[in-house]
Amino acid sequence: MRTTKYGVSVRKGVDAITKLRAGKYKCPRCKKTAMKRVASGIWKCKRCELEIADNAYNLTVKSIN
Ligand SMILES: [Zn+2]
């Protein structure tokens, strides 16, 4: 069935995004894996409290000055 196959592929995509959102990322300032998404495109480090605006689903900033 075409509809079933389509539904599965969509669900897989959503799962991948959910995993990215839930994951923690390395802080570009203190280098600890403590960056968490607090809002769409807003990331905050639980350790040094650095807050940055970036991609809505994953953190692309690797370093800051
Ligand atoms: Zn930090």
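**Exercise 1. A loop residue with an unusual backbone angle**

Lys31 lies in the loop between E1 and E2. Work out what is notable about the phi of Lys31, and decide whether Lys31 is buried or exposed.

*Solution.* A word on the source before we start: this is a predicted model.

Step 1. Look at the backbone. The phi of Lys31 is near 65°, which is positive even though the residue is not a glycine.

Step 2. Set that against the usual picture. Most residues other than glycine have a negative phi.

Step 3. Find the setting. E1 and E2 form a hairpin with 6 residues between the strands, and Lys31 with its positive phi belongs to this hairpin. The two strands pair in the antiparallel sense over 2 bridges, and Lys26 sits opposite Thr33 in E2.

Step 4. Count neighbours. Lys31 has 12 C-beta neighbours inside 10 Å, so Lys31 counts as exposed.

**Exercise 2. Laying out the sheet**

Start from the chain as a whole, then give the strand order of the sheet and explain why E1 and E4 each have one side without a neighbour.

*Solution.*

Step 1. Take stock of the elements. The chain holds 1 helix and 4 strands, and along the sequence they follow the pattern α-β-β-β-β.

Step 2. Put the strands side by side. They make an open sheet of 4 strands in the order E1-E2-E3-E4, with antiparallel pairing.

Step 3. Check the edges. Strand E1 (25-26) and strand E4 (51-53) stand there with a single partner strand each, so each has one side left without a neighbour in the sheet.

Step 4. Recall what holds such an arrangement together. Sheet strands pair through backbone hydrogen bonds, in either a parallel or an antiparallel way.

**Exercise 3. Following strand E3**

Find how many bridges join E3 to E2 and to E4, match up some partner residues, and say which residues of E3 are on the covered face.

*Solution.*

Step 1. Begin on the E2 side. E2 and E3 run antiparallel and are joined by 4 bridges. Ile42 in E3 is the bridge partner of Ala39, while Cys45 in E3 stands opposite Met35.

Step 2. Move over to E4. Strand E3 (residues 42-45) pairs with E4 over 3 bridges, again in the antiparallel sense. Here Trp43 faces Ile52 in E4, and Lys44 is opposite Glu51 in E4.

Step 3. Now sort the residues by face. Trp43 and Cys45 make up the covered face of E3, and Ile42 and Lys44 the uncovered one.

Step 4. Have a look at the E3 and E4 hairpin. There are 5 residues between these strands, and Glu49 has a positive phi near 65°. Glu49 is not a glycine and lies in the loop between E3 and E4. With 11 C-beta neighbours inside 10 Å, Glu49 counts as exposed.

**Exercise 4. The glycine in the turn**

Describe the turn that joins E2 to E3, and list the residues that Gly41 touches.

*Solution.*

Step 1. Locate the residue. Gly41 is in the loop between strand E2 (33-39) and E3.

Step 2. Describe the turn. The hairpin of E2 and E3 has 2 residues between the strands, and Gly41 in the turn has a positive phi of about 80°.

Step 3. Gauge the surroundings. Gly41 has 12 C-beta neighbours inside 10 Å and therefore counts as exposed.

Step 4. Look for partners further along the chain. Leaving out residues up to four places away in sequence, Gly41 touches Ala53, Asp54, Asn55 and Ala56. The C-alpha atoms of Gly41 and Asn55 are 5.0 Å from each other, with the two residues 14 apart along the chain.

**Exercise 5. A buried residue in E2**

Explain why Met35 is classed as it is, and say which residues Met35 contacts.

*Solution.*

Step 1. Place the residue: Met35 lies in strand E2.

Step 2. Apply the cut-off. A residue is buried if 20 or more other C-beta atoms lie within 10 Å of its own. Met35 has 26 such atoms, so Met35 is buried. In the chain of 65 residues, buried residues make up 8%.

Step 3. List the contacts. Not counting neighbours within four places in sequence, Met35 contacts Lys24, Tyr25, Lys26, Cys27, Trp43, Lys44, Cys45 and Leu59.

Step 4. Pick out Leu59. The C-alpha atoms of Met35 and Leu59 are 8.5 Å apart, and the residues are 24 apart along the chain. Of the contacts between residues at least 6 apart in sequence, 19% join residues at least 24 apart.

Technical notes:
Residues are numbered from 1 along each chain as its sequence is written. This is a predicted model: local features need pLDDT of at least 70, side-chain atom pairs count only at pLDDT 80 or more; totals for chains, interfaces and linings use all residues. Two strands pair if DSSP finds at least two bridges between them. Two residues are in contact if their C-beta atoms, placed from the backbone, lie within 7 Å.
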